[in-house]
Amino acid sequence: MRVVLAHCIVDFMIAAVLAKDQLRNRAFELGFSLFGIARAQTAPGFDHLNEWLQRGYAGEMSYIPKRIAAYRHPDSVLEGCNSVVMLGMPYASNPLTSKRKDSVNAESAIPHIATSHCKIGNYATGEVDYHDLIRHRLNQLTSELERMYPESRNRGVVDTAPLLERDFAQLAGLGWIGKNTLLLNRTEGSYFFLSALLTSVELSADNPFEADHCGSCTACLDACPTSAFVGPRLLDASKCISYLTIEYRGVIPDELSEKMDDWVFGCDVCQMVCPWNRKRNVVVPMELQPSHLDDKTSLEHWLTMNEAAFRSRYRSTPFWRTKLHGMQRNAMIAAANTNRTDLKQLIDAFTTSNDAVLQSTSHWCLSKLK
């Protein structure tokens, strides 16, 4: 009886390993360059998230505290979840990413290129919303898992579900959480999207990534234009340029606006100076490769666009989250910070806008351009 039981256990373990290999191969075919599996458990960073919220570092992202209890365990996202398949899909590195070997001195490490264009986070340089692309491919990966386990219950998530993706990515062996709060991988740096496939199947889990390869480097902390890092791995999102340009809807305070340089959507500074982003060698899916950058990084493009054109052009891109009025607010701030006096006439048109935020921002911008 014991021999039979032992054989059953071995057979089960072998089946789990084979299923994992098959799933990994399919994930790679779908463009996911990172793959790892973690057991479903209480998220290690749940208490840290609670403390972070209590300190007010979430700004106006009220959707986080509203769902705080759900972040504790993946079971809140998929009832009966036993395994979390963590995946990473690369996007193109910001072209300003430092190539210097001595980039610990972050201020001198940021390359400055003379240009009349503004900057956007490199994840938004493609022609699609990464949520749509990754969900489509997650659905295909889910079909593969359901073919292997017809009775399984599964759910693919990108970054909209209450799941602490970085925690489970580290548990799945994909990398460590860097001082810039991003997941870092030794070969792919941090320019990649995280997503997850939650399943009721007990898959063979990987070993957690326990090393910290940031060492004494503080490049990301020193380079942040708005000093948004309270300390290593502790970000005050209310000061982060990505938060201000994408999530925040109001009039951006002067003390922060003046430090935003010419970023109009997102910010890559803490990634641009990270030594682990110097030598990436990845294949970026065609849909995520940079395109039409002359438009996307043109202040004139954003300041002269109307709602109909914005909807037609950017409805299925990351810019849709910020909406046109957000992009125009950001464009005016960038114009002021780069002394674009040639745009004063375009900006003056917003002084009579029905949008109070645009009206206020235009007056501030014109006062700076004088």
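This is a short dialogue on reading helix packing, a sheet and the nonpolar cores in a predicted model.

Student: Let's start with helices. How is the packing of two helices described?

Tutor: Two packed helices are described by the angle between their axes and the distance between the axes. Here, take H14 and helix H16 (residues 356–369): the angle is about 10°, and the axes lie 9 Å apart.

Student: Are H14 and H16 roughly parallel or roughly antiparallel to each other?

Tutor: Angles under 35 degrees count as roughly parallel, and H14 and H16 are therefore roughly parallel to each other. Residues in the contact include Met332 and Ile333 of H14, with Leu358 and Trp364 of H16. By class, the contact residues divide into nine nonpolar, five polar and two charged.

Student: Which helix gives the largest share of the largest nonpolar core?

Tutor: H14 again (residues 323–337), with eight residues. That core has 115 residues, and among those touching the most other members are Trp52, Met86 and Leu198. Apart from neighbours within four places in sequence, the contacts of Met86 include Leu34, Phe168 and Leu194. There is also a second, separate core of five residues, including Trp176 and Cys214.

Student: Now the sheet. What is the strand order?

Tutor: The order is E1-E2-E7-E4, in an open sheet with antiparallel pairing. Strands E1 (34–39) and E4 (154–157) are the edges, each pairing on one side only. The twist averages 20° from one strand to the next.

Student: How many bridges join E4 to E7?

Tutor: Four; in one of them, arginine 155 has leucine 198 of E7 as its partner. Helix H5 (residues 130–148) packs on this sheet, touching E2, E4 and E7.

Note on methods. Residues are numbered from 1 along each chain as its sequence is written. This is a predicted model: local features need pLDDT of at least 70, side-chain atom pairs count only at pLDDT 80 or more; totals for chains, interfaces and linings use all residues. Side-chain values use heavy atoms; hydrogens and water are left out. A nonpolar core is a set of buried Ala, Val, Leu, Ile, Met, Phe, Trp, Tyr and Cys residues joined through side-chain atoms within 4.5 Å. Buried means under 20% relative accessible area, exposed over 50%, partly exposed in between (1.4 Å probe, protein chains only). Helices (H or I, at least four residues) and strands (E, at least two) are DSSP runs, numbered from the N terminus. Contact means heavy atoms within 4.5 Å. Axes are lines fitted to C-alpha atoms, for helices over the stretch in contact, and angles run from 0 to 180 degrees between N-to-C directions. Angles under 35 degrees count as roughly parallel, over 145 as roughly antiparallel, 65 to 115 as roughly perpendicular and the rest as oblique. Ala, Val, Leu, Ile, Met, Phe, Trp, Tyr, Cys and Pro count as nonpolar, Asp, Glu, Lys and Arg as charged, and the others, Gly among them, as polar. Two strands pair if DSSP finds at least two bridges between them.
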